[in-house]
Amino acid sequence: MSQTPNSTLPAQLTEVIEEFAELEDRQKLELLLEFSRELPELPERYLNSYDQMEEVVECQSPLFLTLEYDDDAGTAAIFFAAPPEAPTTRGFAAILHEGLSGLRFEEILAVPEDLSERLGLSKAITPLRLRGMTAMLGRIKRNIRAHQAGSAPGQPG
């Protein structure tokens, strides 16, 4: 676990990290699989419309994401598409969805890059797969920064 306190983490993400912290490596994999089954379905407007989403090519399995912004509230909703046969990727996406979707831009941007380490998955998951989670978080942050600057990459519209 990182030495940095969880003070910059949103409450719901802190809860997820604490869930993982209480488990042995094998149990962490089981919890990740549980999360993979909880990834919400895409809204109908994105079904079969991956061209409206951004592919995260660093993931070993096909993963697409998109954000929808509520500028009045300063929040971002995050949507992921990942195949059921990619439970690790889906699990990471579900963690990010549960932990970040609907939060204020500043809260999401403040999430530390070492999130996968904070989950304690480095002994249970290969570095290549962990890099995929880091890439997902990086894309989310990059898209929020681009949106704030007035040009969101990979976004409809």
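Me: Before I look for empty spaces in this predicted model, what counts as a pocket, and what are its lining residues?

Reply: A pocket is an open set of grid points with protein on both sides within 12 Å along at least five of seven lines, and its lining residues have an atom within 4 Å of a point. In this predicted model, the largest pocket is lined by 14 residues, and those nearest its centre are Tyr-50, Ala-81, Ala-82, Pro-83 and Arg-90. The volume of this largest pocket is about 210 Å³, and its lining holds twelve nonpolar residues and two charged ones, with no polar residue.

Me: How many cavities of 30 Å³ or more does a search of the whole structure find, and which residues line the largest cavity?

Reply: Rolling a probe the size of a water molecule over the atoms shows where empty space is left. Here the search of the whole structure gives one cavity of 30 Å³ or more, and the largest cavity has a volume of about 50 Å³. Its lining is made by Cys-59, Gln-60, Thr-88, Thr-89, Phe-92, Leu-128, Arg-129, Gly-132, Met-133 and Met-136. Two elements, helix 3 (87–100) and helix 6, give two or more residues each to that lining, and helix 6 gives the most, with five residues. By class, the lining of the largest cavity divides into five nonpolar, four polar and one charged.

Me: How should I read the sheet, and in what order do its strands stand?

Reply: Strands of a sheet pair through backbone hydrogen bonds, either parallel or antiparallel. In this structure the sheet is open and has three strands in the order 1-2-3, with antiparallel pairing. Strand 1 (54–55) and strand 3 (75–81) are at the edges with a single partner strand each, so one side of each is left without a neighbour in the sheet. Strand 1 pairs with strand 2 (residues 64–70) in the antiparallel sense over two bridges, and Glu-55 stands opposite Phe-64 in strand 2.

Me: Which helix packs on the sheet?

Reply: Helix 6 (residues 127–149) packs there, touching strand 1, strand 2 and strand 3, and its direction makes about 35 degrees with that of strand 2.

Me: Finally, how many salt bridges does a search of the whole structure find, and where do Glu-30 and Arg-26 lie?

Reply: The search finds eight salt bridges. In one of them Glu-30 pairs with Arg-26, and the closest N and O atoms are 3.0 Å apart. Both residues, Glu-30 and Arg-26, lie in helix 2 (residues 25–38), four residues apart, about one turn of the helix.

Note on methods:
Residues are numbered from 1 along each chain as its sequence is written. This is a predicted model: local features need pLDDT of at least 70, side-chain atom pairs count only at pLDDT 80 or more; totals for chains, interfaces and linings use all residues. Side-chain values use heavy atoms; hydrogens and water are left out. Two strands pair if DSSP finds at least two bridges between them. Contact means heavy atoms within 4.5 Å. Axes are lines fitted to C-alpha atoms, for helices over the stretch in contact, and angles run from 0 to 180 degrees between N-to-C directions. On a 1 Å grid over the protein atoms alone, a cavity is a set of points where a 1.4 Å probe fits but cannot get out, and a pocket is an open set with protein on both sides within 12 Å along at least five of seven lines; lining residues have an atom within 4 Å of a point. Grid points are joined across faces, edges and corners, and a volume is the space filled by probe spheres set on the points. Ala, Val, Leu, Ile, Met, Phe, Trp, Tyr, Cys and Pro count as nonpolar, Asp, Glu, Lys and Arg as charged, and the others, Gly among them, as polar. A salt bridge is a side-chain nitrogen of Lys or Arg within 4 Å of a carboxyl oxygen of Asp or Glu.
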